[in-house]
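Biologist: Please take a close look at a single part of this model, the strand that comes earliest in the chain, and describe how it is placed among its surroundings.

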Amino acid sequence: RSSEIPGWAEREVEPDEFLTIKESMASAGQQVPVELAYCDGRLILVFGYQRLRAARELGMRSIRAVIRKMSQKEAKVAGLVENLVRAPARIEGSTG
C-alpha cells in the first residue's frame, strides 16, 4: 500500500501487468533497480513501486536500488517523468 512507502511513485496498473512483473522477477530476478531519493534525512521511493510490491509478495528480503540525493520537488518530478515515459507503452499495448 502506498501509505507504507512515502513517495509519489505508485501508479495504477492492470492486474495482468502486475502479474507479468511479478512472474518476471520470480523467474529472472530483479532486472531494473528501484530509485530512492534521500531528502530531508529520509529515503522516499521515486519510482519502482510495482517492482517493490512484487519483491515483497515474492518474499524477497532485499531489492536493488539507486539512491540519489535530491529535494522532494526533484523526486516528485522524476517520479512523474518516469511514469509518463511508461504510460504511452501501456496505452499502445492496450489498444493493439
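Modeller: The following account begins with the chain as a whole and then turns to strand β1 and its surroundings. The model is a predicted one. The secondary structure of the protein chain amounts to 3 helices and 3 strands, and from the N terminus the elements follow the order α-β-β-α-β-α. In this order, β1 covers residues 34–39 and β2 covers residues 42–47.

β1 is mostly covered, with 5 of its 6 residues buried. For the protein chain as a whole, buried residues make up 29% of the 96 residues.

β1 pairs with two strands. With β2, the pairing is antiparallel and extends over 5 bridges; within it, E35 has F47 of β2 as its bridge partner. The two strands form a hairpin with 2 residues between them, and D40, in the turn, has a positive phi of about 55°. With β3, residues 65–69, β1 runs parallel, and 5 bridges join the two. In that pairing, A37 stands opposite R68 of β3.

The side chains of β1 also have a part in the largest nonpolar core, which has 7 residues: A37, C39, I44, V46, F47, M70 and A75. The elements that give two or more residues to this core are β1 and β2, and the largest share, 3 residues, comes from β2. In soluble globular proteins, nonpolar side chains tend to be buried together.

A37 therefore appears in two descriptions, as a member of the core and as the residue opposite R68; F47 likewise belongs to the core and is the bridge partner of E35. C39, another core residue, is in contact with I44, M70, S71 and Q72 when neighbours within four places in sequence are left aside. Of these contacts, I44 and M70 are also listed in the core.

Beyond the strands, helix α2 spans residues 49–57, and its buried residues are Y49, Q50, R51, L52, A54 and A55. G59 follows α2 and has a positive phi, near 80°. R53 lies over the face of F18, at 3.6 Å from the ring centre, while the structure holds 0 aromatic pairs.

Two values describe the chain more broadly. Among contacts between residues at least 6 apart in sequence, 77% join residues at least 24 apart. The protein chain exposes about 6,500 Å², of which carbon and sulfur atoms supply 53%.

Definitions and conventions: Residues numbered from 1 in each chain as written. Predicted model: local features only at pLDDT ≥ 70, side-chain atom pairs only at ≥ 80, totals over all residues. Heavy atoms only, no water. Phe/Tyr/Trp six-rings, centres within 6.5 Å; stacked < 30°, edge-to-face > 60°. Lys NZ or Arg CZ within 6 Å of the ring centre and 35° of its normal. Core = buried A, V, L, I, M, F, W, Y, C linked by side-chain atoms within 4.5 Å. Buried < 20%, exposed > 50% of the residue type's maximum accessible area, 1.4 Å probe, protein only. Helix = DSSP H or I, 4+ residues; strand = E, 2+ residues; numbered from the N terminus. Contact = heavy atoms within 4.5 Å. Areas by Shrake-Rupley, 256 points an atom, 1.4 Å probe, with all protein chains shown as cover. Pairing = 2+ DSSP bridges.
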